[in-house]
Amino acid sequence: MSTTNTSGRRKTAVARIYLSAGGGNITVNGKDYKEYFPTLPLQYIVTQSIEVAGAAGNFDVKVNVNGGGVKGQAEAVRLAIAKALVELDPEVKPALRAKGLMTRDDRMVERKKPGRRKARRRFQFSKR
């Protein structure tokens, strides 16, 4: 089996993954995923696609991820892994779709507008 590469995005985070047959190692930016994502919820997010597809321990994943925060990066990795698994085996797509793992969450931060403190927040009003 050759290497399958896909990408996933969430907010401003972009993950590029290379999925190949192996023993279940997940490497993120040269580090083990448990070292890169130290908290259990983030580790769960990263491995969720593989668990739902029932492919735990069958694939090695090499990830390059940049941009955004750790949560956005973890969700970008999850989407990229899901897309790669579907590319290899289209039969897992309904299971992944049922858990919402095939959908790109397109919510982004709204831009700041002129004359406002933030996107919608107005400056504090004072009668003086």
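The legends below walk through five close-up views of this predicted model.

**View 1. Five strands make up an open sheet.** Welcome to the sheet, where the strand order is β1-β2-β5-β3-β4 and the pairing is mixed. Which strands stand at the edges? They are β1 (4-10) and β4 (31-32); each has a single partner strand, so one side of each is left without a neighbour in the sheet. Helix α3 (residues 70-88) lies across β1, β2 and β5. The helix runs at about 145° to β1.

**View 2. Strand β2 is joined to β1 and to β5.** Start with the β1 side, where the two strands pair in the antiparallel sense over 7 bridges. A handy landmark here is threonine 4, which stands opposite leucine 19 in β2. Now turn to β5 (residues 59-66), which runs antiparallel to β2 (residues 13-21) and is joined to it by 8 bridges. Two pairs help to set the register: isoleucine 17 has valine 63 as its bridge partner in β5, and tyrosine 18 stands opposite lysine 62 in β5. While you follow the side chains here, it helps to recall that in a regular strand they alternate between the two faces of the sheet.

**View 3. Two loop residues other than glycine take a positive phi, lysine 11 and asparagine 29.** Lysine 11 sits in the loop between β1 and β2, a hairpin with 2 residues between the strands. Its phi is about 50°. Is lysine 11 buried, partly exposed or exposed? With a relative accessible area of 43%, lysine 11 counts as partly exposed, because the range for that class lies between 20% and 50%. Asparagine 29 belongs to the loop between β3 and β4, and its phi is near 50°. This asparagine is partly exposed too, with a relative accessibility of 34%.

**View 4. Arginine 10 is a buried residue of strand β1.** How much of arginine 10 is accessible? The relative accessible area is 10%, which puts arginine 10 in the buried class, because that class covers values under 20%. Look next for glutamate 75: its side chain makes a polar contact with the side chain of arginine 10, at 2.7 Å. Glutamate 75 has company around arginine 10. Leaving aside neighbours within four places in sequence, the residues in contact with arginine 10 are Gly72, Glu75, Ala76, Arg104, Asp105 and Arg107.

**View 5. Helix α2 bends at threonine 47.** This helix (residues 40-53) has 14 residues. From its first C-alpha to its last it reaches 20 Å, close to the 20 Å expected at 1.5 Å a residue. The bend at threonine 47 is about 50°, and threonine 47 is itself among the buried residues of α2. The others in that list are Leu42, Gln43, Ile45, Val46, Gln48, Ser49, Ile50 and Ala53. What do the buried residues of α2 pack against? Their partners are β3 (26-28), α1 (33-36), β5, α3 and α4 (93-98). When tracing these side chains, remember that an α-helix has 3.6 residues a turn, so residues three or four places apart point the same way. Finally, look just past the helix to glycine 54, which follows α2 and has a positive phi near 70°.

Note on methods:
Residues numbered from 1 in each chain as written. Predicted model: local features only at pLDDT ≥ 70, side-chain atom pairs only at ≥ 80, totals over all residues. Heavy atoms only, no water. Pairing = 2+ DSSP bridges. Helix = DSSP H or I, 4+ residues; strand = E, 2+ residues; numbered from the N terminus. Contact = heavy atoms within 4.5 Å. Axes fitted to C-alpha atoms, helices over the stretch in contact; angles between N-to-C directions. Expected span 1.5 Å × (residues − 1). Bend = angle between axes of the 7 residues up to and from the residue. Buried < 20%, exposed > 50% of the residue type's maximum accessible area, 1.4 Å probe, protein only. Polar contact = N/O pair within 3.5 Å; in protein donor to acceptor, adjacent residues only side chain to side chain.
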